[in-house]
Amino acid sequence: MGLSKVIGFAAVVAALAFAAAGGSPAAAGSAKTCSAGYVHANLSWGQKCLKVGQYCKIKGDREYHRYHFHCHTGRLSRSAAGGNSTGSGCQPGYSPCLPRVADLNCADIPASKKPIRVTGSDPYRLDGDGDGYGCEP
């Protein structure tokens with residue numbers, strides 16, 4: 001076996017090992033370590049440490065589901081903020097369901113859910129003109 005064949009064989013073995021490690025330099029090294037209270041996630045855009053309340057990619061909601069999180073408003077939650085559910089994860093007085101968070105602005109709510117019907121108190125102050133609808137175009 002000639003030297004060029006040995007080098008070629010070694011290159012193939014190295015490429016296979018690289019692919020088995022995940023195909024990226026970060027994957028070939030050690031995995032990202034998350035602090036206590038965070039969940040490690042391997043998302044299509046990279047490894048992340050997830051925790052409720054963090055900013056998230058709404059378009060990546062399905063990927064967050066693998067780790068038991070939701071991203072319907074731009075912030076991670078453990079309960080879905082979609083549909084017209086009135087579960088414990090929903091702030092009363094709004095339809096569709098909005099998550100219970102410290103503060104929520106119209107910019108945090110996906111366009112597909114707007115306008116928001118305000119049926120009771122308005123702790124997020126979404127209905128500025130008092131007509132019963134918030135986040136109107």
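**Exercises on a predicted chain**

At 0% relative accessibility, G134 counts as buried, a term that applies under 20% relative accessible area, with exposed meaning over 50% and partly exposed in between (1.4 Å probe, protein chains only). The model is predicted, so that local features need pLDDT of at least 70 and side-chain atom pairs count only at pLDDT 80 or more, while totals for chains, interfaces and linings use all residues. Residues are numbered from 1 along each chain as its sequence is written, and side-chain values use heavy atoms, leaving out hydrogens and water.

**Exercise 1.** Place G134 in the chain and list the residues that it touches.

*Solution.* Begin with the element: G134 is found in strand β5, residues 133–134, where strands (E, at least two residues) and helices (H or I, at least four) are DSSP runs numbered from the N terminus. Next, take the contacts, which require heavy atoms within 4.5 Å; not counting residues up to four places away in sequence, G134 touches P115, I116, V118, L126 and D127. Finally, consider K114, which lies 20 residues from G134 along the chain, with 7.7 Å between the two C-alpha atoms.

**Exercise 2.** Find the cis peptide bonds at P96 and P115, and locate these two residues.

*Solution.* The bond joining S95 and P96 is cis, with omega about 5 degrees, and P96 is found in the loop between β3 and β4 (116–118). The bond joining K114 and P115 is also cis, with omega about 0 degrees, and P115 is found in the loop between β3 and β4.

**Exercise 3.** Decide whether R125 and C135, each with a positive phi, are buried or exposed.

*Solution.* R125, although not a glycine, has a phi of about 55 degrees, and its place is in the loop between β4 and β5. Because its relative accessibility is 59%, R125 counts as exposed. C135 is likewise not a glycine and has a positive phi of about 60 degrees; it lies in the segment after β5, and at a relative accessible area of 8% C135 is buried.

**Exercise 4.** Describe the surroundings of H70, starting from its position between two elements.

*Solution.* H70 is found in the loop between α3 (61–65) and β3 (94–95), and because its relative accessibility is 17%, H70 counts as buried. Its side chain makes a polar contact with the side chain of H72 at 3.5 Å, the term meaning a pair of N or O atoms within 3.5 Å, of which, within protein, one must be able to donate a hydrogen and the other to accept it, while residues adjacent in sequence count only if both atoms are side-chain atoms.
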